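Subject: Structure handover

Hello,

Here is the structure for your files. My notes on it come after the structure itself.

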Amino acid sequence: MTDTTNATDLDAEDRKIVTLARSARARNGVPEGAAVRDETGRTYVAGTVALESLKLSALRTAVAMAVASGASSLEAAAVVSAAEAPSDEDRAAVRDLGGPETPVFLAGPDGVVRARVTAG
């Protein structure tokens with residue numbers, strides 16, 4: 001499901017994870033920044049990992065951080081990227097922890113939300 005969503009249409013908690021994702025991207029100088037919110041409201045923020053022996057998208061890194069910290073579910077995810085859509089692998093990682101209806105917000109480098117998709 002793809003839906004064009006204006007940032008002003010997002011609730012405060014969803015705007016927060018978009019802002020956190022954008023700041024991670026800018027702060028670390030990486031192609032993508034991401035943030036996820038777990039079932040208790042905790043957020044996990046990450047950037048792209050590009051080591052010679054380990055390559056992870058920002059969103060998969062944020063999901064891994066949530067899992068490693070004991071999260072049992074996700075409420076929402078956001079990624080800031082120049083990509084046109086979240087990758088199937090990124091959506092699968094969100095779906096594995098949050099379920100198929102978990103919203104994934106895609107924002108451009110300017111922070112403007114371009115799309116809302118579900119993980120499923």
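The notes below go from the whole chain to one helix and then to one arginine.

This is a predicted model, in which local features need pLDDT of at least 70 and side-chain atom pairs count only at pLDDT 80 or more, while totals for chains, interfaces and linings use all residues. Residues are numbered from 1 along each chain as its sequence is written, and side-chain values use heavy atoms, with hydrogens and water left out.

Whole chain

The protein chain has three helices and eight strands; these are DSSP runs, numbered from the N terminus, with helices being H or I of at least four residues and strands E of at least two. Their order along the sequence is β-α-β-β-β-β-α-β-α-β-β.

The radius of gyration, taken over C-alpha atoms, is compared with a globule rule of 2.2 Å times the number of residues to the power 0.38. For 120 residues a compact globule would come out near 14 Å, and the 13 Å of the protein chain agrees with that. The C-alpha trace spans about 40 × 30 × 25 Å along its principal axes.

Of the 120 residues, 45% count as buried, that is, under 20% relative accessible area with a 1.4 Å probe, protein chains only. A contact means heavy atoms within 4.5 Å. Among contacts with a separation of 6 or more, 59% are between residues 24 or more positions apart.

Helix 3

Helix 3 covers residues 88–98, and its buried residues are Asp90, Arg91, Ala92, Ala93, Val94 and Leu97. These residues pack against helix 2 (58–68) and against three strands: strand 6 (74–80), strand 7 (103–107) and strand 8 (113–118). Gly99, just after helix 3, has a positive phi of about 100 degrees.

Arg37

Arg37 lies in strand 2 (residues 33–38). Arg37 counts as buried because its relative accessibility is 6%. What does the side chain of Arg37 reach at 3.2 Å? The partner is the backbone oxygen of Glu13. The side chain of Arg37 also makes a polar contact of 3.0 Å with the side chain of Asp14. A polar contact here is a pair of N or O atoms within 3.5 Å; within protein, one must be able to donate a hydrogen and the other to accept it, and residues adjacent in sequence count only if both atoms are side-chain atoms.

Leaving out residues up to four places away in sequence, Arg37 touches Glu13, Asp14, Ile17, Arg42, Thr43, Leu74, Glu75 and Ala76.

Regards

Terms used:
Buried means under 20% relative accessible area, exposed over 50%, partly exposed in between (1.4 Å probe, protein chains only).
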